[in-house]
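Work through the exercises below with the model open beside you, and try each task before reading its solution.

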Amino acid sequence: MVLELARALHRRVPPERWCITKAELDEFVEEVYLAWGRGDILENPQHSNPLHLDINHGPNLYAVNKHIVMPWTLAAGGMSYALMKHPDGLDCEVFVSHSWHGG
């Protein structure tokens, strides 16, 4: 039932409104650094990252997704991170992409 509500939310809010603020992105990055520093973000063996422990690189997004994003969003009902933060969506001014293998 909960996941069906998340699916309905994704159908209701158009993808161009699946956004977060710059401040929320900064907070997310800080949370990732803290979790990584505590050892809470383990390297994902399916997507090896030889620079996982390098302070200038850090965990790749496969590991961040597995250990941070998925637990947080599943606990909130299974929606995307952006819709977890803004269930009605948010107007986007800038689009930023990422590399899953990057740190």
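The exercises that follow concern a predicted model, and each task is followed by a solution in steps.

**Exercise 1. The overall build**

Task: State how many helices and strands the protein has, and in what order its elements run.

Solution. Begin with the count, in which the secondary structure comes to 4 helices and 0 strands. Reading from the N terminus on, the elements therefore run α-α-α-α, given that helices and strands are numbered from that end. Next, consider the extent of the chain: along its principal axes the C-alpha trace spans about 40 × 35 × 20 Å. Of the 103 residues in the protein, buried residues make up 28%. Finally, turn to the contacts with a separation of 6 or more, of which 63% are accounted for by residues 24 or more positions apart.

**Exercise 2. The nonpolar cores**

Task: Find which residues form the largest nonpolar core, and which elements give two or more residues to this core.

Solution. The largest nonpolar core has 10 residues, namely Phe 28, Val 32, Ala 35, Trp 36, Ile 41, Ala 63, Val 64, Ile 68, Val 69 and Tyr 81. The elements that give two or more residues to this core are H2 and H3. Apart from this core lies another, of 5 residues, among them Ala 6, Leu 9, Met 79 and Leu 83. As background, nonpolar side chains tend to be buried together in soluble globular proteins. To take one core residue further, list the contacts of Trp 36 while leaving out residues up to four places away in sequence: Trp 36 touches Ile 41, His 52, Leu 53, Asp 54, Ile 55, Gly 58 and Pro 59.

**Exercise 3. The largest pocket**

Task: Describe the space in the largest pocket and the residues of its lining.

Solution. The space in the largest pocket is about 1,400 Å³. This pocket is lined by 38 residues, and those that lie nearest its centre are Ile 20, Leu 25, Phe 28, Val 96 and His 98. Helix H2 (22–38), helix H3 (61–75) and helix H4 (81–85) are the elements that give two or more residues to the lining. Sorted by kind, the lining residues divide into 23 nonpolar, 11 polar and 4 charged. Phe 28 thus appears in two lists, as one of the residues nearest the centre of the pocket and as a member of the largest nonpolar core.

**Exercise 4. Two buried residues**

Task: Decide whether Asn 60 is buried or exposed, and then do so for Thr 73.

Solution. Asn 60 has its place in the loop between H2 and H3. Its relative accessible area is 1%, and because buried means under 20%, Asn 60 is buried. Polar atoms of the Asn 60 side chain lie 3.0 Å from the backbone oxygen of His 47 and 3.0 Å from the backbone nitrogen of Ala 63. Leaving aside neighbours within four places in sequence, Asn 60 is in contact with residues including Ser 48, Asn 49, Trp 100 and His 101.

Thr 73 is found in helix H3. With a relative accessible area of 8%, Thr 73 is also under the 20% cut-off and so is buried. Again leaving aside neighbours within four places in sequence, Thr 73 is in contact with Gly 78, Met 79, Ser 80, Tyr 81 and Met 84.

**Exercise 5. Residues open to the outside**

Task: Give the accessibility of Lys 22, Gly 37 and Asp 40, and place each of them by its distances or contacts.

Solution. Lys 22 is found in helix H2, and because exposed means over 50%, its relative accessibility of 57% makes it exposed. A polar contact of 2.8 Å joins the side chains of Lys 22 and Asp 26. Although Lys 22 and Val 94 are 72 residues apart along the chain, their C-alpha atoms are separated by 9.5 Å.

Gly 37, whose place is also in helix H2, is exposed at 64% relative accessible area. Its C-alpha is 29 Å from that of Val 94, with their positions 57 residues apart in sequence.

Asp 40 has its place in the loop between H2 and H3 and, with a relative accessible area of 38%, is partly exposed. The side chain of Asp 40 makes a polar contact of 2.7 Å with the side chain of Arg 38. Beyond its neighbours within four places in sequence, Asp 40 is in contact with Ala 35 and His 67.

Key: Residues are numbered from 1 along each chain as its sequence is written. This is a predicted model: local features need pLDDT of at least 70, side-chain atom pairs count only at pLDDT 80 or more; totals for chains, interfaces and linings use all residues. Side-chain values use heavy atoms; hydrogens and water are left out. On a 1 Å grid over the protein atoms alone, a cavity is a set of points where a 1.4 Å probe fits but cannot get out, and a pocket is an open set with protein on both sides within 12 Å along at least five of seven lines; lining residues have an atom within 4 Å of a point. Grid points are joined across faces, edges and corners, and a volume is the space filled by probe spheres set on the points. Ala, Val, Leu, Ile, Met, Phe, Trp, Tyr, Cys and Pro count as nonpolar, Asp, Glu, Lys and Arg as charged, and the others, Gly among them, as polar. Buried means under 20% relative accessible area, exposed over 50%, partly exposed in between (1.4 Å probe, protein chains only). Contact means heavy atoms within 4.5 Å. A polar contact is a pair of N or O atoms within 3.5 Å; within protein, one must be able to donate a hydrogen and the other to accept it, and residues adjacent in sequence count only if both atoms are side-chain atoms. A nonpolar core is a set of buried Ala, Val, Leu, Ile, Met, Phe, Trp, Tyr and Cys residues joined through side-chain atoms within 4.5 Å.
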